[in-house]
Structure formats: structure tokens, C-alpha cells
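Me: I'd like to learn how to read aromatic contacts in a model. Can you walk me through some?

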Amino acid sequence: MVCRFSTKLLNICIASLCKIGQLEKAEAVVIDGIRLGLLPDVVTYNTLLSAYSRFVGIDAAYSVIHRMKEAGISPDVITYNSLIAATTKSCLLSRTLDLFEEMLRTGIQPDVWSYNSLMHGFFKLGKPDEANRVFRDNILTNLLPSSSTFNIMINGLCKNGYTGHALSLYRYLQRQGLGPELITYNILINGLCKSRRLNAARRILKDLEKSGHVPNTITYTTVMKCCFRSRQFEQGFEIFSEMKRKGYAFDAFSYCAVIAALTKTGRLEEANDIMEQMVKSDIDFDIASYNTVINLYCRNGKLKATCKLRDEIERHGLECDKYTHTILIASLCKAGNVEGALRHLETMTKMGFDSILVAQNCVIDGLCKAGRLDHAIKMFASMEVKDSFTYSSMVHNLCKARRYRHASKVLLACLRDGMKILKSNQRSVIDGLLDLGYTSEARRLKSKIRLAKMVQY
């Protein structure tokens with residue numbers, strides 16, 4: 001009796017160390033236990049296996065199962081479930097299926113957690129049909145589904161674009177009297193919001209409020225953000241006001257979403273008020289939060305305050321990212337300080353960001369607006385990567401300068417690269433060529449535009 005209790009205590013110590021990733025110390029406790037005559041049991045090895053798969057890797061976890069077998073201890077369903085969870089997390093489907101075969105060979109029946117992991121793996125690999133087959137043929141037929149089973153199904157269906165099926169499963173849960181958990185509601189609302197099904201998401205939010213569960217900050221923020229993305233700004237602001245009335249604590253993400261939406265809609269005074277609330281709430285700013293505030297300052301024309309904020313970012317041990325620099329370049333261009341924007345772009349290039357295309361587009365547009373079209377043309381020619389906005393900006397500004405033949409060449413290059421350009425820009429080039437008497441060039445350009453449309457569609 002004392003020995004069993006001591007083994008249990010030993011396992012508790014090992015579990016505590018494994019939980020914080022102190023694997024070497026956990027192994028040392030195992031060795032000390034053996035010296036005291038306490039041999040590791042299946043719980044000991046399962047704890048180690050789970051920790052190795054989490055902190056080291058799958059191969060290290062497999063080595064634990066080999067040690068286990070060498071010690072004469074047979075793996076149980078929990079052992080295999082830990083390994084299956086690790087292999088599915090790493091999208092190693094063949095290893096997962098091999099583990100299922102091994103379980104069945106040794107007479108261990110997979111449980112609902114085994115199949116939950118398998119379903120999760122299929123969804124991660126973009127195989128929703130196989131996941132649904134596991135759900136239908138294995139879980140519903142032979143086992144009792146857990147709440148996690150339904151959560152995995154709803155999450156996987158949403159992520160693979162089957163929000164309609166996810167809604168049907170949610171309705172099935174309601175009909176069967178299996179009240180969805182708060183996390184189920186959050187998963188479904190998040191999936192619907194990502195699919196831009198705002199009305200459906202709001203209906204589920206109402207269901208949640210009636211269900212007895214209390215929506216949390218994540219729930220409201222997800223729907224609010226979807227409202228802003230769908231340009232339903234007033235609905236988003238209503239949700240924010242409701243959160244304030246109900247006394248919800250806001251995180252940086254919530255504040256930034258509202259500030260960005262208010263800034264977009266030109267309600268700068270209200271955005272400033274929310275920003276002041278955010279500062280007073282002692283929330284730790286991350287770089288995304290600073291970018292939102294910098295964008296607001298730039299829209300207000302407060303360039304000096306923006307520079308101070310950059311110094312504050314550095315004092316807090318953060319680094320400006322490409323979005324920070326792009327916001328600053330856009331504001332410099334808007335203020336007519338194209339030289340400052342060019343210097344900042346050069347700094348950005350030296351810093352080695354993976355993409356500076358948006359910043360380059362801002363500078364090209366700024367150069368054109370400042371009457372430095374030839375400089376813009378040189379910069380355009382030197383760019384390795386261009387998008388539709390780059391081409392549209394150049395064509396528009398070349399047409400404004402009545403350089404229609406050059407605009408025609410840029411437009412054709414755009415079509416060759418498979419990019420789409422505004423119809424108004426296309427018409428401006430053709431009309432300009434006709435106006436200058438280049439009838440044959442205008443005709444050729446028209447036919448090439450038609451041909452490009454046929455190829456694209």
C-alpha cells in the first residue's frame with residue numbers, strides 16, 4: 001500500500017516537472033525512484049511521452065514508447081492517444097494510421113479521443129470528407145461523442161469552407177438537447193465571420209445570449225471585427241457600446257479594431273477618445289497597437305507625435321515592422337514630403353523586409369502628385385514586383401500628363417502579367433490615343449484588352 005502511494009506521489013512530481021518542460025529533472029526523478037525501488041508504471045511513461053512530444057518532438061516521444069516496452073510495460077489507449085495527437089498536429093497522416101493499426105493489432109480499442117485526433121488531422125490536411133466519414137462511421141456508430149468531438153467537427157467544417165454544414169451540425173445539437181458550450185458558439189461565430197456571413201453570426205450570437213452562457217470578450221470582438229470588415233460600421237459600433245454597457249474589459253485587439261474603424265470612417269475625434277481610454281487602461285501595447293495609433297496620428301496630421309511614438313516603441317523593446325514604416329511613408333507622401341518618404345523607403349529597403357510593395361506604391365503615387373513623373377517612371381521600371389495598384393497608378397498619372405503612348409505600354413505590360421486594371425483607366429488610354437490621332441494604336445490596344453479578358457476567363 002505504501003509503495004503504491006509512493007509511486008503515485010512520484011508520478012505527481014514527474015507530472016509537475018513535465019508540465020513546465022523540465023524534462024531532465026523529470027528523468028532524474030525517475031532514476032531516483034528506481035534507486036528507491038519504485039519502478040515506473042504506465043502513468044509515468046505516458047506523462048513523459050506527452051511531455052517529449054510537446055517540448056522536444058515526435059521522434060523523442062517514440063523513444064519513450066520503446067523504453068516502455070523494454071521495461072515490460074504495455075502501452076494503453078492513453079499512450080497511443082498522446083502519440084496520435086502529436087502526429088496529427090504535425091500532419092503526419094501515415095504515422096497516425098500506422099498507430100491505429102498497431103493499437104488494433106495489440107487488442108487496444110481506439111476511444112473517442114483517438115478518433116477526435118484523427119478527425120482533426122484530416123481537417124488540417126484539407127480532407128473534410130474523410131473526417132466526416134470517421135465521425136459518421138466510427139464515432140456516431142460505436143462510441144458516445146464528447147463535446148470536443150462536435151467542436152472539432154464544427155471548427156474543421158468552417159475552416160474548410162463548409163459553414164453551412166457546420167450550422168446544420170449546430171442545429172442538430174440543439175434538436176438533440178445537447179446544449180453547445182461557449183467554446184462551440186465561439187468556434188461557429190468565428191467561422192461564420194471569416195466567411196463574411198455576418199447575419200448568420202449575429203443570429204448565433206443571439207442564440208448564445210438566450211442559452212444561459214455569457215458571451216465573452218472574444219465572442220463580441222469577433223462579431224464586431226466582422227461588422228467592420230463588411231463595412232457595417234454602425235453595427236460594429238453598437239456592439240462596442242453594448243460591451244461597454246455590460247462592463248466587459250477590453251483588450252488591445254478590441255480597442256485597435258474600433259480605433260481603426262473610426263479612423264476609416266473619418267470619425268477622428270471619437271477615435272482619439274477611444275485611444276485615450278486605451279492608454280488609461282494600462283494595456284500593454286504590441287506593435288499592432290502602436291501601428292493603429294500611428295495611423296490615427298498620421299490621419300490627424302500629427303507627424304511630430306508620430307516620431308515620439310517611434311521612440312516609445314524602441315524604449316519598450318519593440319521593433320517597427322513593415323506596416324509601421326508603410327504608414328509613415330504614406331503619411332509623408334500625403335503631407336507632400338516626398339523626399340522624406342524616399343529616404344524612409346531607402347531605410348526600409350536596407351532593413352531587408354520581405355515585402356515593401358505597398359510602401360513603393362505610396363511613393364510612386366506621391367512622386368506623380370508632386371509633378372515628378374519621370375522619377376516615378378524610373379522607380380516603376382526598377383521594381384521587381386508590381387501589383388494592379390502599381391500599374392493603375394502609373395497609367396492614371398501618365399494619362400493626366402497626356403502621355404498616352406507611354407500609358408498604353410504600361411497597360412499592355414499589366415495585361416501580360418495577368419493583372420487587372422480599372423476600366424476607367426483603360427478607357428482613358430484609348431480615348432487619349434484617339435484624341436491624339438493614334439487610331440491604329442488605339443484599335444490594337446482594344447483588341448489586346450479583349451484577348452486578355454478571354455484568356456483570364
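**Aromatic rings**

Reply: Sure, let's start with a cluster: ring pairs join Phe228, Phe233 and Phe237. Keep in mind that this is a predicted model, where local features need pLDDT of at least 70, side-chain atom pairs count only at pLDDT 80 or more, and totals for chains, interfaces and linings use all residues. Residues are numbered from 1 along each chain as its sequence is written, and side-chain values use heavy atoms, with hydrogens and water left out.

Me: How many aromatic pairs are there by this rule?

Reply: A pair of aromatic rings is described by the distance of the centres and the angle of the planes. Rings of Phe, Tyr and Trp (its six-membered ring) pair if their centres lie within 6.5 Å; planes under 30 degrees apart are stacked, over 60 edge-to-face, the rest tilted. The count here is 10 aromatic pairs. One of them is Phe100 with Tyr115, tilted, at 5.5 Å centre to centre and 40° between the planes.

Me: Which helices hold Phe100 and Tyr115?

Reply: Phe100 is in helix H6 (residues 93–105) and Tyr115 in helix H7 (residues 112–124), so the pair links distant parts of the chain, 15 residues apart. Helices (H or I, at least four residues) are DSSP runs, numbered from the N terminus.

Me: Why does Phe100 count as buried?

Reply: Buried means under 20% relative accessible area (1.4 Å probe, protein chains only). Phe100 counts as buried because its relative accessibility is 8%, and Tyr115 does too, at 13%.

Me: Which charged end sits over the ring of Tyr438?

Reply: The rule asks for NZ of Lys or CZ of Arg within 6 Å of the ring centre and within 35 degrees of the ring normal. The charged end of Arg405 sits over Tyr438, 4.4 Å from the ring centre.

Conventions. Helix = DSSP H or I, 4+ residues; strand = E, 2+ residues; numbered from the N terminus. Buried < 20%, exposed > 50% of the residue type's maximum accessible area, 1.4 Å probe, protein only.
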